[in-house]
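Biologist: Please pick one part of this model and take me through it closely, then show me what else is worth a look around it. Keep it chatty; I'm at the bench, not at a workstation.

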Amino acid sequence: MVTDQKISELDYCYVSWELLQELEKNAFSRNECIRAFKKESNDRQSLITSVVALILPMTLLGSIVFSNHAASLMYGSTGTTENIWTRVVGLLMLSAFLFLIVYMLSKELSKYKVFWPIKKLINQDLEANLRLEVEAIDRKASKIINDSILKDSKIPDKFLSSEFLMVIIKYMESGQASFIKEAVYALQLDLNNTGYYAKRDASTIGKEVFIRS
């Protein structure tokens, strides 16, 4: 009878561990979606800012070239090749300088709240896609959390992590504990004896106990 109960509780721990693994993968996927959204949003904003920053120097460059061209048609060419290239280099440097000034200014201005509606409009489609992806992930996570195994868990909430579950499973498989309560008690003692319980997060402590056992 004891053996059957031990096997049953060990299976229960394995099922809980698999559910927690799925939950952690879900959390990772959710974070990856948000990171991908932020990257794509920043890339899009940088592209639009670059295009806006190009307008002024390109307009200025075009007006200067056009006026010089018009003047040369009316009065004839009066500059040497060397002078022409000097002017070209000067215009390019001026254009680059204006581009950088406008680009940095646009980047700085975009941080103000007054420009947030524009940013929201630019990222409207990206936000819609992110919302759909996150909602799908959250639905899956909610289904896992509401599974009867986790909802009415035999394991205390503070030990409900895949790392701690593996420690508990190891205690039971090695014969150090016959039941979940015994394994949890042994784990609690080990955590108290590490001296790091108050300083480290649950996942780190769980890994350390697993290695030491």
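Modeller: Let's start with the crossing of α6 and α7, which is right-handed (the near helix is turned clockwise from the far one by less than a right angle). This is a predicted model, where local features need pLDDT of at least 70, side-chain atom pairs count only at pLDDT 80 or more, and totals for chains, interfaces and linings use all residues. Residues are numbered from 1 along each chain as its sequence is written, and side-chain values use heavy atoms, with hydrogens and water left out.

Back to the pair: α6 and helix α7 (residues 180–194) pack at about 115 degrees, with their axes 9 Å apart. Axes are lines fitted to C-alpha atoms over the stretch in contact, and the angle, from 0 to 180 degrees, is between N-to-C directions. From α6, Phe164, Val167, Ile168, Tyr171 and Met172 make the contact (heavy atoms within 4.5 Å). Their partners on α7 are Ile180, Ala183, Val184, Ala186, Leu187, Asp190 and Leu191.

Can you lean on this? Helix α6 (residues 162–174) has the highest mean pLDDT of the elements, 91, while helix α8 (residues 202–212) has the lowest, 41; pLDDT is the predictor's confidence in each residue, from 0 to 100. Over residues 196–213 the pLDDT is below 50, though this stretch has 30 contacts in the model beyond near neighbours in sequence. Where pLDDT is low, the predicted coordinates should not be read in detail. The mean for the protein is 77.

Now the wider setting. The protein has eight helices and zero strands, counted as DSSP runs (H or I, at least four residues, for helices; E, at least two, for strands) and numbered from the N terminus.

Helix α4 (residues 124–145) deserves a stop too. Leu126, Leu130, Val134, Ile137, Ala141 and Ile144 are buried there, meaning under 20% relative accessible area (exposed is over 50%, partly exposed in between, with a 1.4 Å probe and protein chains only). Because these residues cover an arc of only 65 degrees around the axis, they lie on the same side of α4; the arc is that of the directions from the helix axis to the C-beta atoms. On the other side, Gln124, Leu132, Arg139 and Lys143 are exposed.

One of those buried residues, Ile144, is touched by Glu22, which also touches Lys140. Glu22 is found in helix α1 (residues 2–75). Glu22 and Ile144 are 122 residues apart in sequence, yet 7.9 Å apart in space, C-alpha to C-alpha.

Technical notes: Lists of a residue's contacts leave out its neighbours within four places in sequence.
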